[in-house]
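Colleague: I would like a close look at one part of this protein. Please take the helix packing and the pocket beside it in one go.

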Amino acid sequence: MTATTGTDDGRDDRDGRGGLDDRAELARLLPPATGFDLPPGRHEHHRERLMNQIDHDTARAREAAEGRVPDRAPARPRLLRLSFLAPVTALALAGALVAGYSAQGGGEGPARAESGASAAERAGNAQPVALVLGRISDAAAESGEGPVGDDQFVYVRSQVQGGDLTSGKLVTGPLAEREIWYAQKPGPQKRLGYIREGGETLPINAELGDTDGTREGISRPTYRWLAALPTDPRKLLDHLTALTPESERQEHAQAVFEQIGYLIRETVLPPETAAALYRAAALIPGVTEAPDAVDALGRHGVGIAREDRGSSTRSEWVFDPEGLAFLGSRTFLTADTAIGVKGALFDAQAVLKRSVVDEGGVRPQD
């Protein structure tokens, strides 16, 4: 999805003026276009909008009970800017797409993994996070599936699970396999790749509002774009912080942490960029080690985590304890909230295969 909304002259429309609400309402009422209109990994924006809608409806119900609701129809909530939580359009589409990532089962439950990590940290078993991420960075510098040509596709096969909020409550569904082919062509593209779920392969369309196509960037990170990022960890973190949209419901540091997690999970990284990303993550306030973290398949490994106390969520990355290769990630509630209980799973991924292919929709040979 586009990172910001704005008026025709390019200025951000943060207060909802200038017809953006009307376009959002039309997008909500119209049926979705053929294809997959949301770049995978960006469904967190829908979660934010749904939670805002829940807050809005709760406040309206309270006002009605107290006799304070005006006779006129309530104003539509203003259109929020895209949040990474990357990795994110209309509420009707949000439910369908978030549900497409739904799952539970196949692995340790989030509450158990959370309590185990916390116990280890309280016992003093956790290493300084900079040391752990330094080791992961060194391992990443020695590996890599690239380079990737402009006419090629990055292929990622994963087992995914996540939360469906269409009912106003967090509901988790079954594990599902997902295959994605990310196009690498530079410049604006109307076809960003392909996604296969449930035996059906669909195109991934340009982000909503990108009538001329979506350019490479933070929401379409091609290999060429990634290779051009700064490799000094501090400069890289500052650059990604500036590119990551802010959210009203999430600490910006958390959004940046999850944006980096998206890049780690859903791309093929140049070795120098991968190494810099991990060292940049160590500079984010609140990032900690999470001993014995668990991915969507229940694979245990070295964990890197950050908790957002404002939204009561915790996101974890999981790495193989031997070679420190990335295994997967997950996000869950850390407290009882209006949408779910402590430990309830928002999303989780387990990466099974990452490769480079010459044609979208075609699996790698090996």
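Before that, what pLDDT does the protein chain average, and what share of the residues score at least 70? Then, how do helix 7 and helix 9 pack, and which elements supply the lining of the second largest pocket?

Modeller: This is a predicted model. The protein chain averages a pLDDT of 76. Of its residues, 65% score at least 70. Residues 1-20 have a pLDDT below 50, with 39 contacts in the model beyond near neighbours in sequence. Residues 36-50 are also below 50, and that stretch has 89 such contacts. Where pLDDT is low, the predicted coordinates should not be read in detail.

Now the helices. Start with helix 7, residues 233-243, and helix 8, residues 252-266. They pack at an angle of about 105 degrees, with their axes 10 Å apart. An angle of 65 to 115 degrees counts as roughly perpendicular, so helix 7 is roughly perpendicular to helix 8. Helix 7 brings L237, L240 and T241 to this contact. Helix 8 brings H252, V256, I260 and L263. By type, that is five nonpolar residues, two polar and no charged.

Helix 7 also packs against helix 9, at about 80 degrees and with axes 8 Å apart. Helix 7 is therefore roughly perpendicular to helix 9. From helix 7 come P233, L236, L237 and L240. From helix 9 come A276, L277, R279 and A280. Seven of these residues are nonpolar, none is polar and one is charged. L237 and L240 of helix 7 thus appear in the contact with helix 8 and in the contact with helix 9.

Helix 9 has another partner, helix 5. Their axes come within 8 Å and cross at roughly 175 degrees. Angles over 145 degrees count as roughly antiparallel, so helix 5 and helix 9 are roughly antiparallel to each other. On the helix 5 side are L133, G134, I136, S137, D138, A140 and A141. They meet P271, A274, A275, Y278, R279 and A281 in helix 9. This contact has nine nonpolar, two polar and two charged residues.

Helix 5 (129-141) and helix 9 (271-281) also lead to the pocket: each supplies at least two residues of the lining of the second largest pocket. Strand 10 (326-333) and strand 11 (345-357) do so too. The volume of this pocket is about 410 Å³. Its lining has 21 residues, and S143, E145, A325, F326 and R354 lie nearest its centre. The lining divides into 15 nonpolar, four polar and two charged residues.

Definitions and conventions:
Residues are numbered from 1 along each chain as its sequence is written. This is a predicted model: local features need pLDDT of at least 70, side-chain atom pairs count only at pLDDT 80 or more; totals for chains, interfaces and linings use all residues. Side-chain values use heavy atoms; hydrogens and water are left out. pLDDT is the predictor's confidence in each residue, from 0 to 100. Contact means heavy atoms within 4.5 Å. On a 1 Å grid over the protein atoms alone, a cavity is a set of points where a 1.4 Å probe fits but cannot get out, and a pocket is an open set with protein on both sides within 12 Å along at least five of seven lines; lining residues have an atom within 4 Å of a point. Grid points are joined across faces, edges and corners, and a volume is the space filled by probe spheres set on the points. Helices (H or I, at least four residues) and strands (E, at least two) are DSSP runs, numbered from the N terminus. Ala, Val, Leu, Ile, Met, Phe, Trp, Tyr, Cys and Pro count as nonpolar, Asp, Glu, Lys and Arg as charged, and the others, Gly among them, as polar. Axes are lines fitted to C-alpha atoms, for helices over the stretch in contact, and angles run from 0 to 180 degrees between N-to-C directions. Angles under 35 degrees count as roughly parallel, over 145 as roughly antiparallel, 65 to 115 as roughly perpendicular and the rest as oblique.
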